[in-house]
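Let's walk through a protein and its DNA together. Have the viewer open and follow along from one strand to the other.

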Number of protein chains: 2
Amino acid sequence: MDEATGNSNYALDKLRTLLRSGSLDADGKLPTERALSDMLDVSRRAVRRALEVLEAEGLIWRRQGSGTFAGRRPDGWSEHVDSIVAGTDLMEIMEVRLRIEPQLAQLAAMRAKAGEVTRMYELVKKIYESTDADGRELWDGALHRHIAQCAGNQFFLTIFDVINRVRQDEAWQAIRERARSANGTRTVTYGQHTAIVDAIAARDPGAAGEAMRLHLLTLQESLVRITSLDHQQPERNKSSSEEPNPNGALSAEHQTRKQRRTE
Amino acid sequence: MDEATGNSNYALDKLRTLLRSGSLDADGKLPTERALSDMLDVSRRAVRRALEVLEAEGLIWRRQGSGTFAGRRPDGWSEHVDSIVAGTDLMEIMEVRLRIEPQLAQLAAMRAKAGEVTRMYELVKKIYESTDADGRELWDGALHRHIAQCAGNQFFLTIFDVINRVRQDEAWQAIRERARSANGTRTVTYGQHTAIVDAIAARDPGAAGEAMRLHLLTLQESLVRITSLDHQQPERNKSSSEEPNPNGALSAEHQTRKQRRTE
DNA sequence: GCTCGAACCAATTTCCTATTGGTTCAATCC
DNA sequence: GGATTGAACCAATAGGAAATTGGTTCGAGC
């Protein structure tokens with residue numbers, strides 16, 4: 001048995017180091033199976049078994065006729081997300097979240113199963129226990145999506161995912177970075193998350209929606225504070241990085257859209 | 001001047017009749033410019049001018065290297081809409097509309113300009129004056145989208161358009177057909193539309209949202225009646241038009257999804 | 001029983017060529 | 001003189017043959 005899969009394991013090790021080394025083209029394409037078989041001096045069958053493992057782990061994805069690529073298989077939305085992002089600003093996204101996520105929380109309060117509520121509490125705990133801002137944002141995103149999932153409407157979940165994709169677009173990376181580091185009081189966020197899940201657990205749609213709305217309002221406020229020029233930072237994070245647009249607040253009329261990614 | 005554009009006008013006429021006749025391939029591809037120039041015995045420049053007019057009118061669209069096509073230029077969403085439709089059912093879509101369009105109506109009540117409100121009343125009139133069910137649905141769609149547009153949030157409008165695309169998918173064609181023919185009392189719909197626009201004109205977000213919600217609830221109810229086997233006559237709906245279900249959803253738990261278009 | 005190599009299959013890319021809309025420009029025609 | 005015309009040329013696309021690449025099958029051999 002050990003003998004049998006020996007070559008595959010050898011190839012697997014080699015491939016793992018190859019993936020970690022990052023010595024790949026920008027598109028993440030790695031050599032062909034035949035080339036790998038030649039390079040590592042193992043049979044193609046062994047290479048394929050190793051690649052199957054890596055694919056199952058989600059480290060690579062393959063397309064017949066094209067090749068094998070590192071990372072996650074891209075889905076069709078990516079392209080459209082770009083065009084959407086180009087025409088929107090952060091405050092528009094926050095406004096949409098403020099009006100949709102409370103609805104999802106309401107539905108979740110009506111339909112979430114016991115096990116799903118348990119999972120929510122676990123996620124809240126994960127957020128609170130995270131030491132780094134990056135991890136907090138990760139678990140926070142997981143909680144919000146889980147609530148959307150518990151709304152029990154596949155189509156609504158798809159809509160949520162579209163919003164989520166736009167929200168997480170790299171164009172906002174910089175602002176989100178600052179928001180994470182400047183997000184002062186963890187306890188406030190923790191309390192709000194708990195309030196949301198408590199309301200869902202209590203099967204109180206109105207309270208769940210309102211709690212979600214409050215949570216997002218707080219988030220929006222902190223975003224406004226960050227993007228405004230004359231803000232007194234809660235804990236003097238970095239030297240004041242320049243933000244050209246102080247108009248972060250949501251206003252009745254809309255400012256001209258920034259042209260982004262216009263190739 | 002008349003002499004100058006004479007040939008173009010001649011070509012324009014010929015092309016219009018060609019488009020109306022429907023004697024085109026299934027893909028709606030027109031002959032090449034050179035071929036048209038030959039067929040109609042006018043210069044290619046004249047053909048191009050005529051085509052420019054038709055393109056500006058939205059009757060055709062052109063792509064260099066490919067050809068000239070009748071109808072509207074397709075965008076990238078179509079493909080994704082199919083995959084979304086495959087995983088949803090009508091009631092899911094109605095639930096989403098019930099929770100999003102009221103929000104858009106609220107925003108529109110806060111931000112719609114005077115001219116936009118005027119346009120809304122015009123659209124309501126168009127709906128009421130339409131003699132055929134097909135025209136009514138067309139103008140109804142225009143009104144709903146216009147309200148979404150008046151919400152003044154580009155991103156929210158994009159979300160609405162996604163929902164709209166899925167809603168209008170041909171998969172629901174049959175049901176919508178029956179809904180149109182069975183939609184008995186026009187006056188009820190007319191009153192509801194007027195109520196929505198009145199609330200927007202009065203800058204009353206709460207009332208606008210509630211009016212929109214009521215309107216969609218009525219629509220949902222008629223859909224339920226149509227899709228249920230043992231339905232009664234449409235005339236009787238006046239008596240029961242009062243808030244058929246205080247809860248926006250149909251039921252707390254979800255019916256199993258139908259598998260559609262799973263090739 | 002398993003692996004290995006080879007051949008074959010199917011999906012995709014690549015390269016080339018023909019087609020087609022877009023543009024320019026001198027000749028031509030009132 | 002001004003606009004049109006026809007021709008040539010440019011740029012983007014479609015179509016197709018050939019090469020590439022992941023997916024599969026099968027017999028030889030240890």
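Which phosphate oxygen is 2.9 Å from an N or O atom in the side chain of A:Arg49? The phosphate oxygen belongs to DNA strand C, and the pair is a polar contact (N or O atoms within 3.5 Å). This is a predicted model, in which local features need pLDDT of at least 70 and side-chain atom pairs count only at pLDDT 80 or more, while totals for chains, interfaces and linings use all residues. Residues are numbered from 1 along each chain as its sequence is written, chains are lettered from A and ligands numbered from 1 in the order written, and side-chain values use heavy atoms, without hydrogens and water.

Stay with DNA strand C for a moment. It is surrounded by 22 residues, counted as near if a heavy atom lies within 4 Å. The closest are A:Asn7, A:Gln64, B:Arg44, B:Arg48 and B:Gln64. Sugar and phosphate make up 68% of the strand C atoms that come within 4 Å of the protein. A:Ser43 places a polar side-chain atom 2.9 Å from a phosphate oxygen of this strand, whereas B:Arg44 has one 2.5 Å from a base oxygen.

Now turn to DNA strand D, with 23 residues around it. Here A:Arg44, A:Arg48, A:Gln64, B:Asn7 and B:Gln64 come nearest. Sugar or phosphate provides 65% of the strand D atoms within 4 Å of the protein, and bases the rest. A base nitrogen of strand D sits 2.7 Å from a side-chain N or O atom of A:Gln64, and B:Gln64 has a polar side-chain atom 2.7 Å from a base nitrogen of strand D. A:Arg62 reaches a phosphate oxygen of strand D at 3.0 Å through a polar side-chain atom.

Note on methods: A polar contact is a pair of N or O atoms within 3.5 Å; within protein, one must be able to donate a hydrogen and the other to accept it, and residues adjacent in sequence count only if both atoms are side-chain atoms.
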